[in-house]
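Subject: Structure handover

Hi,

Here is the structure I promised to pass on. Please open it first, then read the notes below.

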Amino acid sequence: VQLANSAGEGVSVVGVDSQLTCKDAESQKILEQYLTSKLLEGGGSEGKLTVVAENTLTTVFEKGALDIENTLVVTRKEAEVRGLLHKLLTACKSACSNLFAKSSESVSLKQFLAWIEKIVKEKPTLVWKGLIECGYNFQLERVVCEPDGIDVENWSLAMDAALVRHVDQICSRLTTAPNQLKPDEIVINQTEMAKEELQVLQGRSRQEISTRFCFLQQLNNCVESALLPLVDFRVVNTYPYSLSWLLAQSRDVFFYHTKMLFFNHVLNSSCHRSPDQAPPEVTLDPLEVVGSEASNVPSLQFCQAARQLAGVPSSQLRVKLAAGGDPTFAFNVRYTGEEVHGTSGSFRHFLSQVAKELQSSKLPILINCPSSAAGRNKGKTILRPGPMTYGEEKLLQFFGQLLGVALRADMPFPLDILPCFWKSLLGLPLDSDDLKEADILTYKFLNSLEEVKSEIEFNELSSSSSETFDDSTTAQLQFVYPNASGGGDEVELCVD
């Protein structure tokens, strides 16, 4: 967090948590000085409450006070049940004994402000925790989320999805969870609003966006704690309109944090290997790859590991999420001629090397997407289409196992695959945008074909797209596709 000290110089405060405490004493001192300056004039121990702070605290006090003979007073019993004042006093409960000598004693507004001023000088974080609980930010602005603060009828799911994506980006940037954010922190400036993914929120006020965020925040908290652990998602494609199906259809309104908590819970709950059971070991010879020809597929580390793990059932590769300095992985990797302490380094190197082999032309699993030939999505890959041999099918199965192993190892598996691959794994329908990313030339041709309105236009399009003509010089479209196996021949898209 970037703050300014008493001299106006910019300083950094790191590791501030929701309790307004820092990881080191120096940062804590700077933070407390900053918080004091927001409430006291001059920011020193002799300063008085600022006008803004006094007005804010007066509003808080009035929410919990009773008008007795035109004098605002409040007893401790009343303060314990009355709105904002209760929240503020709860945060400052360690100092409440100095304010209420007796439970029946009344306190005036003047006494209350003097008490707050004293606490600010001694422990400003107590007062600020209370003000934050009351909905105030560091500028002493209160964002009130009222049910009538949003036009529900004109608010769409697309707006919710855009807001959820924006909140996910904020959480990623701040390294925090959505339930730790305050409504006033959800700010969308004009530059961000002009982006394509946030254009649906144009015209919505900050009040509406903050109120909707509060709703989504509570929805995710309830679903995360009370609903997801009880839902069986194995029947999501079997029973339409079941609870699991409805949750799957509503995936866009759930934060990334909510999904990952549930996903990690599933991974840990599906562990099939006990801690005392020895993991399989894969022994790799790096020199075997160096000394072999480029076309020698069996010498690749991917194939070496696939052969050695062929007899290990997938259930034995299910381990809990990796944690700690030297975690447990699905299998251990040992390189001949290299003595390495621990398992993390060799396993990480193995995943990196295998990712390079998968995205090369040596393995018959992935190919460069056709759009790369047109200068789009260069370096990105897709699954190789076409029939497979038995050996290629086994390699593809091992590729799927490695994806699961990398997830449980919580390590990056640097594969640059187009989103259509991951959408297919999730059972999501593919659309024209996926075709555009994978094969932009075919996408443009199909768009042109859809715009044809007459036979003349169709013949003109055929003439510009084919070199095969009949005796009447009318072009004939050839619905063929280059063989992805690399044989140089063409494969008919639809045999019949």
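A cavity is a set of grid points where a 1.4 Å probe fits but cannot get out, and its lining residues have an atom within 4 Å of a point. Keep that in mind for the cavity notes below. One caution: this is a predicted model.

**Overall**

The protein has 496 residues, and 37% of them are buried. Its secondary structure comes to 19 helices and 11 strands. About 29300 Å² of the protein is exposed. Carbon and sulfur atoms supply 53% of that area. I also looked at contacts with a sequence separation of 6 or more. Of these, 55% join residues 24 or more positions apart.

**The cavity**

How many cavities of 30 Å³ or more does the structure hold? The count is 1. The volume of the largest cavity is about 60 Å³. Which residues line the largest cavity? They are Pro178, Asn179, Gln217, Asn220, Asn221, Glu224, Phe255, His257 and Thr258. By class, that lining has 6 polar, 2 nonpolar and 1 charged residues. Two helices, H9 (206-227) and H11 (256-269), each supply at least two residues of the lining. H9 gives the most, with 4 residues.

**Helix H14**

Helix H14 covers residues 344-358. Its 15 residues should span 21 Å at 1.5 Å a residue, and the end C-alpha atoms are 21 Å apart, so the two agree. Many side chains to check here: Ser344, Ser346, Phe347, Phe350, Leu351, Val354, Ala355, Glu357 and Leu358 are buried in H14. An α-helix has 3.6 residues a turn, so residues three or four places apart point the same way. What covers the buried residues of H14? The cover includes three strands, S6 (281-284), S7 (332-335) and S8 (366-368). It also includes helices H13 (301-308) and H15 (390-409).

**Lys121**

Lys121 lies in helix H5, residues 109-122. Its relative accessibility is 34%, which is why Lys121 counts as partly exposed. The cut-offs are under 20% for buried and over 50% for exposed. How far apart are Lys121 and Thr36 in space, C-alpha to C-alpha? The distance is 7.0 Å, although the two are 85 residues apart in sequence.

Over to you.

How values were computed: Residues numbered from 1 in each chain as written. Predicted model: local features only at pLDDT ≥ 70, side-chain atom pairs only at ≥ 80, totals over all residues. Heavy atoms only, no water. Buried < 20%, exposed > 50% of the residue type's maximum accessible area, 1.4 Å probe, protein only. Expected span 1.5 Å × (residues − 1). Contact = heavy atoms within 4.5 Å. Areas by Shrake-Rupley, 256 points an atom, 1.4 Å probe, with all protein chains shown as cover. 1 Å grid on protein atoms, 1.4 Å probe; cavity = no way out; pocket = protein on both sides within 12 Å on 5 of 7 lines; lining within 4 Å. Points joined across faces, edges and corners; volume = space filled by probe spheres on them. Nonpolar A, V, L, I, M, F, W, Y, C, P; charged D, E, K, R; others polar.
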